[in-house]
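I sat down with this one to go through its sheet, its ring contacts and a ligand shell. Here is my notebook, in the order I looked things up.

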Amino acid sequence: MLEDKFGRRFHYLRLSITDVCNFSCNYCLPDGYQCDSSRDFLTLDEIRHITQAFARLGTSKIRITGGEPSLRKDLTDIISICANTPGIEQVALTTNGFRLKRDISQWKNAGLDAINVSVDSLDPRQFADITGQNKLAIILEGVEQALEAGVKVKINSILLKQYNHNQFDTFLNWVKHQPLTLRFIELMQTGDNQAYFDANHFSGMPLKNRLLQQGWSQIIRDKAAGPAQEFHHPDYAGRVGLIMPYSKDFCASCNRLRISSTGKLHLCLFAEQGLDLRSLIHAGDQQALQNELINLLGNKEATHWLQDGFTGATKNLAMLGG
Ligand code: SAM
Ligand code: SF4
């Protein structure tokens, strides 16, 4: 089992497969994707090696992310590789949802268990304002289809002071009868978005208080859970999660490691650098790769330093996946 010097265990891998994106969310890629680095993304064989190494070290859940992962034509094969790796019990995908309606059945058949779809507003004009794409309707149709196919669905929504925080009740109404989980995520500062962050960061704490006052109860996390505090309510089919990276002790329950689309291990979303694994992957020696992962994990720090404004090497979250 991968365990760090603070006793945290890592059974959850976030695997980025591209940093390219077709949306221009104003908190992430306001000018759209800029091709300023090599696009030498992990191949299927490399993904197979990495997945096996993590699985042999106790990883049971993989989330595929990006950039926009569905821009890769071999996404279905990638899902299948992850799902067929012994030890991997759950495969999830984070997506902006533009390919959901078209591809969800083939992703599900390949072994996908769960998706997180980013929907920052249920108002089509505001959605287009935030993401640069007028695609809310087709994304919501994809969400319906995913639910019908039996895929677990979570909706990621970033809380933004100047845009969507007054959409909270509209979002809650949506999950009254829909069995999906809404996850409100506090905006994080990255290298590129400081002014935007200052103008838009909105704390999740008032929302937590509001939920508790309205009869929502907090759910105890299971070991494969992500970083959200989750709530349920007897009158609602869906759940609500809050992700508050600036809250005290957020990092104490960290259970995930990250691999970038070019094969670098990131010990934290906001680490100073990625640690290159490609030469080891190419050498084909599984044991050496596993030993190196254990060795590099020794450098994982207790916490990110986001509260002090340090964002490490992360210019935007499309570089690595949120
Ligand atoms: N393109 C896919 C999507 O948008 O779902 C996957 C990659 S995206 C980087 C993953 C998640 O990170 C999305 O839910 C997005 O809203 C979130 N995200 C991006 N920038 C963020 C920021 N600065 N703070 C908090 N979350 C952010
Ligand atoms: Fe693209 Fe996702 Fe970033 Fe939006 S949040 S620009 S969809 S990578």
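The entries below go from the sheet to the rings, then to a helix, a single residue and a ligand.

**Entry 1: what I am looking at**

I noted at the start that this is a predicted model.

**Entry 2: the sheet**

I looked up the strand order and found an open sheet of 12 strands, running 7-8-9-6-5-4-3-2-1-10-11-12, with mixed pairing. Which strands stand at the edges? They are strand 7 and strand 12 (275-276), and each has a single partner strand, so one side of each lacks a neighbour in the sheet.

I started from the strand 7 end. Strand 7 and strand 8 run antiparallel and are joined by 3 bridges. Ser 217 has His 232 in strand 8 as its bridge partner. Strand 8 goes on to pair with strand 9, again in the antiparallel sense and over 3 bridges. There I found Gln 229 opposite Leu 242 of strand 9. The connection between strand 8 and strand 9 is a hairpin through 6 residues.

**Entry 3: around strand 10**

Next I turned to strand 10. It runs parallel to strand 1 (residues 12-16), and 4 bridges join the two. I checked individual partners: Tyr 12 stands opposite Arg 256 in strand 10, and Arg 14 has Arg 258 as its bridge partner there.

With strand 11 (residues 264-266), strand 10 runs antiparallel, joined by 2 bridges. Arg 258 turns up again here, with His 266 of strand 11 as its bridge partner. Strand 10 and strand 11 form a hairpin with 4 residues between them, and Gly 263 in the turn has a positive phi of about 85°.

Are the side chains of strand 10 buried or exposed? I looked at four residues: Arg 256 and Arg 258 point one way, Leu 257 and Ile 259 point the other way, and all are buried.

**Entry 4: aromatic pairs**

How many aromatic pairs are there? The count comes to 4. In one of them, the ring centres of Phe 197 and Tyr 246 are 5.7 Å apart with their planes at 40°, so I filed the pair as tilted. Phe 197 is in helix 7 (residues 194-200), while Tyr 246 is in the loop between strand 9 (239-243) and strand 10 (256-259), so the pair ties together parts that are 49 residues apart in sequence. Phe 197 has 11% relative accessibility and counts as buried, whereas Tyr 246 has 22% and counts as partly exposed; the cut-off for buried is under 20%.

Trp 216 and Tyr 236 make another tilted pair, 4.6 Å centre to centre with 45° between the planes. I placed Trp 216 in the loop between helix 8 (205-213) and strand 7 (217-219), and Tyr 236 in the loop between strand 8 (229-232) and strand 9, so this pair ties together parts 20 residues apart in sequence. Trp 216 counts as buried at 2% relative accessibility, and Tyr 236 counts as buried at 18%.

I also found a cluster, in which ring pairs link Phe 168, Phe 171 and Phe 184.

**Entry 5: charges over rings**

Tyr 236 came up once more: the charged end of Lys 176 sits over its ring, 4.9 Å from the centre. Tyr 12, which I had met opposite Arg 256, has Lys 61 over its face, at 4.5 Å from the ring centre.

**Entry 6: helix 4 and Ile 138**

Which residues of helix 4 (residues 124-131) are buried? I listed Gln 126, Phe 127, Ile 130 and Thr 131. They cover an arc of only 115° around the axis, which puts them on the same side of helix 4. Arg 125 and Asp 129, on the other side of helix 4, are exposed.

I then looked up Ile 138, which lies in helix 5 (residues 136-148). Ile 138 is partly exposed, at a relative accessible area of 37%. C-alpha to C-alpha, Ile 138 is 7.1 Å from Lys 101, although the two are 37 residues apart in sequence.

**Entry 7: ligand 2**

Last, I asked which residues are around ligand 2. My list reads Cys 21, Phe 23, Cys 25, Tyr 27, Cys 28, Leu 29, Gly 67, Asn 96 and Ala 318. Sorted by class, this shell has 7 nonpolar and 2 polar residues, and no charged ones.

How values were computed:
Residues are numbered from 1 along each chain as its sequence is written. Chains are lettered from A and ligands numbered from 1 in the order in which they are written. This is a predicted model: local features need pLDDT of at least 70, side-chain atom pairs count only at pLDDT 80 or more; totals for chains, interfaces and linings use all residues. Side-chain values use heavy atoms; hydrogens and water are left out. Rings of Phe, Tyr and Trp (its six-membered ring) pair if their centres lie within 6.5 Å; planes under 30 degrees apart count as stacked, over 60 as edge-to-face and the rest as tilted. Buried means under 20% relative accessible area, exposed over 50%, partly exposed in between (1.4 Å probe, protein chains only). A charge sits over a ring if NZ of Lys or CZ of Arg is within 6 Å of the ring centre and within 35 degrees of the ring normal. A residue is near a molecule or strand if one of its heavy atoms lies within 4 Å of it. Ala, Val, Leu, Ile, Met, Phe, Trp, Tyr, Cys and Pro count as nonpolar, Asp, Glu, Lys and Arg as charged, and the others, Gly among them, as polar. Two strands pair if DSSP finds at least two bridges between them. The arc is that of the directions from the helix axis to the C-beta atoms.
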